[in-house]
Amino acid sequence: MDKVNILGVNIDKTTHDGAVDKVMSMLNEPGNHAVFTPNSEIILMAYHDTEFCALLNSADLLTADGIGVVYASRILKNPVPERVAGFDVACGVIDRIAETGHRLYLFGGKPGVAEKAKENLTSKYPFLNVVGTHNGYFKPDEVDGIVENINASGADLLFVCLGAPAQEKWICANRDRLCCHVMMGIGGSLDVFAGTAERAPEFWCKWGLEWLYRLIKEPWRFKRMLALPKFGFTVLFKGKRYRKEQK
């Protein structure tokens, strides 16, 4: 799969359907695979943290989650086909595995969120095989027990929703001990599945304005949103170096 290097992070040039196909292929391959979906804020983190950048690039699939990443790829004259959000990929995969018998484990969110997400998902997909849940509030000495619980469940697919960069670091730290075939870091998706958070309506997502919708609904995010223009300026003034590396 072709890639575009955005400030050091190698984003796969894939469509939504291509990403879902890739995850389904991984589910039927030996070994385990990591899937991360970085947005502008996460890529900017990686730009300032070489260790985190290398961690992201160790994934088997990196999709462009955020319109800012799409615009950055165009500025670098190596455009991705479209925005491929982690939540959308997760929904596409769930839609596929609802009939295949693949086993899904939900990890993350506040206490009760993963259980509610399971309840809602299995109500919508009666044959979806959700084999376990665990909240995202745990102490370091509890990690071994969580890994053992995931492995004992027989999960093929693991959704890790701890927020970035915690979820990516957790997956990489425990990857060699986990028996599931695919581990996806998908941020706040469990809250949306549980109904405790609302995703922007389709119109806002289609026109790349999900960030504005979230800011209107959650004005406390203002400081985090400042990462968007900072990311854009960094790509404009530093991206030339990465364009040269790709030639």
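**Exercise 1. State in what order the strands of the open sheet lie, and which strands form its edges.**

Solution. Step 1: in this predicted model, helices (H or I, at least four residues) and strands (E, at least two) are DSSP runs, numbered from the N terminus. Two strands pair if DSSP finds at least two bridges between them.
Step 2: the open sheet has 6 strands with parallel pairing, and their order is E4-E3-E8-E7-E5-E6.
Step 3: strand E4 (61-62) and strand E6 (129-134) each pair on one side only, which makes them the edge strands.
Step 4: inside this order, strand E3 (residues 33-36) is joined to strand E8 (residues 182-185) by 4 bridges in the parallel sense. Valine 35 has methionine 184 of E8 opposite.

The model is predicted: local features need pLDDT of at least 70, side-chain atom pairs count only at pLDDT 80 or more, and totals for chains, interfaces and linings use all residues. Residues are numbered from 1 along each chain as its sequence is written, and side-chain values use heavy atoms, with hydrogens and water left out.

**Exercise 2. Find which strands helix H8 touches and which strands helix H6 lies across.**

Solution. Step 1: contact means heavy atoms within 4.5 Å. Axes are lines fitted to C-alpha atoms, for helices over the stretch in contact, and angles run from 0 to 180 degrees between N-to-C directions.
Step 2: helix H6 (residues 113-124) lies across strand E5 (103-108) and E6, at about 165° to E6.
Step 3: helix H8 (residues 166-174) packs on the sheet and touches E3, E5, strand E7 (157-161) and E8. The direction of H8 makes about 140° with that of E7.
Step 4: the loop between E7 and H8 holds proline 165, and the peptide bond from alanine 164 to proline 165 is cis, with omega near 5°.

**Exercise 3. Locate the salt bridge of arginine 96.**

Solution. Step 1: a salt bridge is a side-chain nitrogen of Lys or Arg within 4 Å of a carboxyl oxygen of Asp or Glu. The whole structure has 7 salt bridges.
Step 2: the partner of arginine 96 is aspartate 21, with the closest N and O atoms 2.6 Å apart.
Step 3: this pair links distant parts of the chain, 75 residues apart: arginine 96 is in helix H5 (residues 86-97) and aspartate 21 in helix H1 (residues 16-27).

**Exercise 4. Name the residue with positive phi in the loop between strand E1 and strand E2.**

Solution. Step 1: the loop between strand E1 (3-6) and strand E2 (9-12) contains leucine 7.
Step 2: phi of leucine 7 is near 55°, a positive value in a residue other than glycine.
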